[in-house]
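This report walks through a few local features of one protein model. Look at the sequence and the structure first, then read on.

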Amino acid sequence: MNSFSENSWNPWHGCTKISDGCRYCYVYRQDERYGSAVESSLCRKTGSFKLPLARTRAGEYKLAPGSMVYTCFTSDFLLQDADIWRGECWEMIRYRSDLRFCFFTKRIDRLEQCLPPDWGDGYDNVIIGCTVENQDRADYRLPIFKAAPIKHKTIIVAPMIGSVNLTPWLDDTIEEVSVSGESGQEARPLRYEWVLSVRRQCMEAGVSFLFHQTGATLIKDGKTYHIPRSAQLSQAKKAGIDFGIGTEGIPAAIMKRLTKGESYD
Ligand code: SF4
């Protein structure tokens, strides 16, 4: 399994705000921008609900075997409103064991009640990212995340709106930590020293670290930078502070297995 193509799968759209990190949620911003007639807080199934099973006219799967599928990025996979649909998604995820599914959640405290009956200690092809935006949410969510039966765990610090000490939860069960600032016109600033602090924590624990994006407002060495959306990813990359991340943006722990010719799962 050496293909690194990426896809997105949004089986439902819309979400309710749950913590401070949701204040300027990009789903709400995008809906407003495109003049959606439906409230962003109303979760509804999308037309691509069955995308993992969809085939082209030639009979090939639309989601090519081996690809990474970023799942539910216009909602939260563990949203209560979607409880009635999730079972079918788990079936598709199980059926397409040739794909890797990755979702991020601010509702890790709902995981236990949302898992399929045969989950055991986790599906091999599912990566779950626990999102924390500040120390308060890290202290609440990460103990739950650490104890959860998940084969592949990542921590997403986004939008980073305060300094965070992740040290108590960093060990070899965490495959990656990524940090992002907030986007949008009203974005709260990201202080570069917060980013460097998380990087240092990761290096000390031997956990891969990715500075994913700067956000719209970055404060570095006392100076405030306003960064357009189009440059937020590239500016973070330009900082050159990633640790343990392969050239294709894949965490070292995973890359090692792939380059040895082993499958991810
Ligand atoms: S959990 Fe995520 S998708 Fe849902 S409101 Fe918060 S930021 Fe938006």
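In which helix is Gly87 found? In this predicted model, Gly87 belongs to helix H2, which covers residues 83-95. Gly87 has 11 other C-beta atoms within 10 Å and is therefore exposed, since a residue counts as exposed when that number is 12 or fewer. Gly87 and Ile108 are 21 residues apart along the chain, and their C-alpha atoms are separated by 17 Å.

**Strand E6 and its partners**

Strand E6 runs from residue 126 to residue 132, and seven of its seven residues are buried. In a regular strand the side chains alternate between the two faces of the sheet. On one side of E6 are Val126, Ile128, Cys130 and Val132, and on the other are Ile127, Gly129 and Thr131; both faces are covered.

Which strands are joined to E6? One is strand E5 (residues 100-105), which runs parallel to E6 and is joined to it by five bridges. In this pairing, Phe103 stands opposite Ile128. Another is strand E7 (residues 152-157), also parallel to E6, with six bridges between them. Here Ile127 of E6 stands opposite His152. Helix H4 (residues 135-147) forms a right-handed β-α-β unit together with E6 and E7.

**Backbone details in the loops**

Pro159 lies in the loop between E7 and strand E8 (174-180). The peptide bond between Ala158 and Pro159 is cis, with an omega of about -15°.

Two residues that are not glycine have a positive phi. The table lists each one with its phi and its loop.

| Residue | Phi | Loop |
|---|---|---|
| Cys72 | about 65° | between strand E4 (68-71) and H2 |
| Asp221 | near 50° | between strand E11 (217-220) and strand E12 (223-226) |

Is Cys72 buried or exposed? Cys72 is buried, because 25 other C-beta atoms lie within 10 Å, and the cut-off for a buried residue is 20 or more. Asp221 has 6 C-beta neighbours inside 10 Å and so counts as exposed.

**Around the ligand**

Which residues surround the ligand? They are Cys15, Lys17, Ile18, Cys22, Cys25, Val27, Ser75, Asp76 and Lys106. Sorted by class, this shell has five nonpolar residues, one polar residue and three charged residues.

Definitions and conventions: Residues are numbered from 1 along each chain as its sequence is written. This is a predicted model: local features need pLDDT of at least 70, side-chain atom pairs count only at pLDDT 80 or more; totals for chains, interfaces and linings use all residues. Helices (H or I, at least four residues) and strands (E, at least two) are DSSP runs, numbered from the N terminus. A residue is near a molecule or strand if its C-beta atom, placed from the backbone, lies within 6 Å of it. Ala, Val, Leu, Ile, Met, Phe, Trp, Tyr, Cys and Pro count as nonpolar, Asp, Glu, Lys and Arg as charged, and the others, Gly among them, as polar. Two strands pair if DSSP finds at least two bridges between them. A crossover is right-handed if, with the strands pointing away from the viewer, the path from the first strand over the helix to the second runs clockwise.
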